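I am opening a fresh page to record what I look up in this structure, one topic at a time. My plan is to begin with how helix packing is described and then to follow the chain itself.

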Amino acid sequence: MFLIGAAVQSSGLPPSFYGSLIGSFFSGSVAVGILIYNNWQKNREFNYRCYGTMKIIKARLAKINEVEGITLETLKKIKHDDNEDKTEKLLELLKISKGFFVENHTFLEKERANIPYEFTSRYFTITSAITSVISAYDDLIKEPSYMKKFPLIDFVEHCNKLIKEFNKNTTQYLKNVEKKYKLKDFY
């Protein structure tokens with residue numbers, strides 16, 4: 001303290017100038033510290049929200065994956081089965097399965113705001129693939145004779161691959177968030 005006083009007297013500047021300078025430095029440092037802490041807190045809250053949403057979406061997509069597997073098996077059996085009347089069986093299966101896809105697509109659209117930034121393009125790829133599957137369902141429901149080409153199988157298989165990759169990436173994301181913010185899943 002004595003050195004600061006001596007330096008102030010030898011420089012010729014009034015002591016209030018150095019006091020103001022030091023006070024400004026401390027108050028500026030505190031303000032920057034508060035901004036950094038608020039930003040970290042905001043990111044943490046956003047990641048908590050994204051964490052919960054991604055866990056739910058992962059579970060929903062796993063259900064879609066299971067339904068797609070069952071639908072694919074059934075469609076392939078119906079496609080190769082020449083003995084039975086395909087149209088009634090097919091229409092019943094298509095209506096049930098399409099409703100499931102529409103319900104899950106609606107859910108995914110509602111949760112879009114809580115998707116982490118790094119998953120945005122993957123999310124839109126998944127929803128686009130589900131939309132393609134739904135339109136293929138519509139085509140087959142409207143025109144069962146369209147079954148000769150059967151593009152629904154290709155769309156469902158493609159959607160299945162995308163969902164598996166998305167869920168793999170989601171698992172890694174969830175592990176990273178759990179590690180970074182020390183989250184524990186109690187369910």
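**Entry 1: a term I need before anything else.** An axis here is a line fitted to C-alpha atoms, for helices over the stretch in contact, and the angle between two axes runs from 0 to 180 degrees between their N-to-C directions. Two packed helices are described by the angle between their axes and the distance between the axes. I also note for myself that the model I am reading is a predicted one.

**Entry 2: α4 against α5.** I looked up this pair with the term fresh in mind, and found that the axes of α4 and α5 come within 9 Å and cross at roughly 160 degrees. Angles over 145 degrees count as roughly antiparallel, and α4 and α5 are therefore roughly antiparallel to each other. Their crossing is left-handed. On the α4 side the residues making the contact include Y123, I126, I130, V133 and Y137, while among those on the α5 side are L152, F155, C159, L162 and F166.

**Entry 3: α2 against α5.** Next I asked how the axes of α2 and α5 cross. They come within 8 Å and cross at roughly 155 degrees, which makes α2 roughly antiparallel to α5. When I checked the handedness, I found that α2 passes α5 in a left-handed crossing.

**Entry 4: the whole chain.** Stepping back, I counted five helices and zero strands in the protein chain, so that I could write the order of its elements from the N terminus as α-α-α-α-α. The chain has 187 residues, of which buried residues make up 30%, and it exposes about 12500 Å², with carbon and sulfur atoms supplying 60% of that area. I also looked at contacts between residues at least 6 apart in sequence, and 77% of these join residues at least 24 apart.

**Entry 5: the nonpolar core.** Which residues have the most contacts inside the largest nonpolar core? I found 38 residues in this core, and those with the most contacts inside it are L61, L75, L108, I130 and L152. The elements that give two or more residues to the core are α2 (15-80), α3 (86-110), α4 (120-142) and α5 (151-181), and the largest share, ten residues, comes from α5. I followed L75 a little further and, leaving out residues up to four places away in sequence, found that L75 touches L90, L93, L94, F150, L152 and I153.

**Entry 6: three polar residues.** Is N104 buried or exposed? N104, which is found in helix α3, has a relative accessible area of 2% and is buried. Not counting residues up to four places away in sequence, N104 touches R60 and I64.

I then turned to N167, whose place is in helix α5, and which is buried as well, with a relative accessible area of 11%. With residues up to four places away in sequence again left out, N167 touches K58, L61 and A62; L61 is already in my notes as one of the core residues with the most contacts.

My last residue was E178, which also lies in helix α5. E178 has a relative accessible area of 24% and is partly exposed, because the buried class covers values under 20% and the exposed class values over 50%. E178 and Y48 are 130 residues apart in sequence, yet from C-alpha to C-alpha they are 9.3 Å apart in space.

Terms used. Residues numbered from 1 in each chain as written. Predicted model: local features only at pLDDT ≥ 70, side-chain atom pairs only at ≥ 80, totals over all residues. Heavy atoms only, no water. Helix = DSSP H or I, 4+ residues; strand = E, 2+ residues; numbered from the N terminus. Buried < 20%, exposed > 50% of the residue type's maximum accessible area, 1.4 Å probe, protein only. Contact = heavy atoms within 4.5 Å. Areas by Shrake-Rupley, 256 points an atom, 1.4 Å probe, with all protein chains shown as cover. Core = buried A, V, L, I, M, F, W, Y, C linked by side-chain atoms within 4.5 Å. Parallel < 35°, antiparallel > 145°, perpendicular 65-115°, else oblique. Left-handed = near helix turned anticlockwise from the far one by under 90°.
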